[in-house]
Structures are given as structure tokens and as C-alpha cells.
Amino acid sequence: MEAPEEKEAQVAVWLKKIFGDHPIPQYEVNPRTTEILYHLSERNRVRDRDVHLVIADLKQKASEYESEAKHLQDLLMESVNFSPANLSSTGSRYLNALVDSAVALEIKDTSVASFLPAVNDLTSDLFRTKSKNEELKLELAKLEKNLTASLVLEKCLQEDLKKAELHLSSERAKVDNRLQNMDFLKAKSEEFRFGIRTAEEKLSARGMEASLSHQSLVALSEKLAELKQQTIPVKKKLESYLDLMPNPSLAQMKIEEAKRELDTIEAELTKKVDMMEL
């Protein structure tokens with residue numbers, strides 16, 4: 001494990017290498033910042049080493065490809081006395097297209113045995129891609145249909161929500177109005193109750209009998225209506241007696257009896273009416 005002084009020195013060297021002739025930005029030097037910058041410098045050093053290794057490998061491969069190309073060119077010249085420089089412009093284009101195709105297909109050479117499998121693989125990839133595109137189109141159409149239905153549903157829900165809000169606002173106004181009316185009726189009822197209580201107290205103080213109260217008068221009125229109803233059959237009975245012709249003495253007796261009963265009822269009725277007027 002390196003000492004803090006060695007880490008600070010390595011960080012300073014690394015920053016100098018990174019910024020070159022430009023001034024290094026000021027930063028607070030403490031164990032934490034030094035540790036962070038030290039790790040960054042280590043990672044940068046490892047990355048630079050890997051990059052150099054890749055560059056060296058690529059250079060080596062390029063050199064090998066150049067040697068192989070020179071060997072093939074020499075072999076071609078020795079066998080058929082042929083050189084790419086002797087090709088026409090059309091031949092050069094064909095050759096370049098062949099080379100570009102081999103590079104695009106990532107094959108080792110331009111032989112038919114190399115081209116056919118690569119083309120077959122590419123064709124298979126093309127069919128798979130087309131099939132995948134069709135599936136994606138179907139899925140996209142389904143999603144568009146669902147999206148349209150969702151948008152329509154959303155619009156309907158928004159309209160229903162607006163209607164519900166308007167209805168709720170109207171009902172709330174009605175409820176508020178009813179509550180106000182209820183409060184008014186409660187206040188009036190309490191006012192009338194207080195007035196009735198006050199009036200009863202005044203009447204009681206003046207010596208009014210309890211039989212002349214509002215409830216008693218209502219009861220007497222109901223009793224009066226009942227008595228009137230009771231007189232109806234008696235009057236009808238009396239009328240039937242008046243129509244009887246035989247036995248005048250007996251009829252006269254029944255008539256007098258009915259009259260007395262009627263007078264009794266009318267006297268009681270008059271008494272009740274007088275009490276109500278008082």
C-alpha cells in the first residue's frame with residue numbers, strides 16, 4: 001500500500017500529463033480528494049495500457065494482412081502474370097465491390113465457399129427481420145387501436161365527469177337552499193313556539209281556563225263535527241216519521257220524541273259553539 005505522499009506525487013504527475021501546458025484547476029488537497037484522484041489515475045493508467053495493447057495488436061494484424069496481400073499478389077503475378085494495376089476501371093470497380101462485400105460480410109476471403117454461407121446467413125437474418133417487423137406492425141396496429149379506444153373512453157369519462165360536477169354543483173345549491181329554508185323554518189317554529197308559550201302564560205295570568213286553549217278548541221271543533229254527523233241520521237229518521245200517515249197519535253208521539261232528541265243535541269251543540277266563541 002502506497003503512502004499518502006506517494007499518492008499525492010502520482011496524482012500531481014497524472015494531472016500534469018492530463019492538462020499539459022494548461023494550468024491545473026485548484027482543488028482542496030485532503031485525504032479524500034487525493035484518494036479519489038489516485039483511483040482515477042490508476043484507472044486511466046490501466047485504460048491507457050489496454051488502448052496501447054489494442055493499438056499494438058491492430059498494427060500487428062495490419063502488418064500480417066499486408067504481408068498476406070503481398071504474398072497473394074506475388075503468387076498471382078507468378079501464376080497468371082496478373083496485377084490489379086492492369087485492371088480496367090470497370091474491373092477495378094468490380095474488385096473493390098468484391099472486397100467491400102467481403103468486409104461487410106466479415107468473411108476471411110472472397111471465395112464462393114465463403115460468400116455463400118455468409119449470404120445465406122444474411123438472407124436468414126433478413127427474413128427474421130421482416131417477420132419481426134410484421135409482428136411489430138401488428139402489435140403497433142393493436143396498440144393504436146387500444147390507444148384510440150382509450151382516448152375515446154377518456155373523452156367520455158371527462159364528459160361524464162363534467163356532467164357529474166355540474167349535477168353535483170346543482171344538487172349542492174339545492175341542498176344549501178334547503179338548509180337555509182330549514183334554518184329559517186326552525187327559527188320561525190321556535191319563534192312561534194315562544195309566542196304561543198308567551199301568549200299562554202299571559203292568558204293563564206288573566207285567568208283563562210285550560211278548556212279554552214288552542215288544543216281544547218281543536219278538540220271541541222272535532223267533537224262538534226262529530227255531533228253534526230250524528231244529527232244527520234236522526235233528521236232522516238224524523239223525516240221518515242213525518243211521511244207516516246196511519247195512527248196519528250203514535251206518529252205524533254214519535255215526532256215529539258225525535259224533536260226532543262234533536263233539541264237535546266242542538267242544545268249541546270249550541271253550548272259547545274258558545275264555549276268556542278268565548
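This section describes the helices, surface and salt bridges of a predicted model.

The chain is built from six helices and zero strands, and the order of its elements from the N terminus is accordingly α-α-α-α-α-α. Of the 278 residues of the chain, 12% count as buried.

Helix H1 comprises 16 residues, from 4 to 19. At a rise of 1.5 Å a residue, a span of 22 Å is expected for H1, and the end C-alpha atoms are indeed 22 Å apart, so expectation and model agree. Four residues of H1, namely Lys-7, Val-11, Trp-14 and Leu-15, are buried. These residues cover an arc of only 100° around the axis and therefore sit on the same side of H1. This arrangement can be read against the geometry of the α-helix, which has 3.6 residues a turn, so that residues three or four places apart point the same way. On the face of H1 turned away from the buried side, the exposed residues are Glu-5, Val-13, Lys-16 and Lys-17. Just after H1, Gly-20 adopts a positive phi of about 65°.

The loop between H1 and helix H2, the latter spanning residues 31-80, contains Ile-24. Val-29 also lies in the loop between H1 and H2. Together with Tyr-27, Ile-24 and Val-29 form a nonpolar patch on the surface, and the combined accessible area of the three residues is about 250 Å². Two members of the patch fall into separate accessibility classes. Ile-24 has a relative accessible area of 34% and is therefore partly exposed, since that class lies between 20% and 50%. For Val-29 the relative accessible area is 53%, which is over 50%, and Val-29 is therefore exposed. Val-29 can also be placed relative to Glu-8: the two residues are 21 residues apart in sequence, and their C-alpha atoms are 8.8 Å apart in space.

Salt bridges were examined next. Side chains of opposite charge can pair when their charged atoms come close. With a cut-off of 4 Å between side-chain nitrogen and carboxyl oxygen, the count comes to eight salt bridges. One of these joins the side chains of Lys-7 and Glu-35, with an N to O distance of 2.9 Å. This pair links distant parts of the chain, as Lys-7 belongs to helix H1 and Glu-35 to helix H2, 28 residues apart. The two partners differ in accessibility class. Lys-7 has a relative accessible area of 8%, which is under 20%, and is therefore buried. Glu-35, at 29% relative accessibility, counts as partly exposed. Lys-7 thus appears both among the buried residues of H1 and in the salt bridge to Glu-35.

A further salt bridge is formed by Arg-45 and Glu-42, whose closest N and O atoms are 2.6 Å apart. Arg-45 and Glu-42 are three residues apart in helix H2 and are therefore separated by about one helical turn. At 44% relative accessibility, Arg-45 counts as partly exposed. The side chains of Asp-50 and Arg-49 likewise meet in a salt bridge, with an N to O distance of 3.9 Å, a value within the 4 Å cut-off. Both partners of this pair are partly exposed: the relative accessible area is 36% for Asp-50 and 46% for Arg-49.

One annotated region was also considered. In an unreviewed entry, UniProt places the feature "coiled-coil region" at residues 119-153. In the predicted model, this span is 100% helix and 0% strand. The end C-alpha atoms of residues 119-153 lie 50 Å apart.

Notes
Residues are numbered from 1 along each chain as its sequence is written. This is a predicted model: local features need pLDDT of at least 70, side-chain atom pairs count only at pLDDT 80 or more; totals for chains, interfaces and linings use all residues. Side-chain values use heavy atoms; hydrogens and water are left out. The expected span of a helix is 1.5 Å times one less than its number of residues. Buried means under 20% relative accessible area, exposed over 50%, partly exposed in between (1.4 Å probe, protein chains only). The arc is that of the directions from the helix axis to the C-beta atoms. Patches are made of residues with over 30% relative accessible area and no salt bridge: like charges are joined within 9 Å, nonpolar side chains (Val, Leu, Ile, Met, Phe, Trp, Tyr) within 5 Å. Accessible areas come from the Shrake-Rupley method with a 1.4 Å probe; for residues, only the protein chains shown count as cover. UniProt positions are given in the numbering used here, feature names are shortened, and annotations may be inferred rather than shown by experiment.
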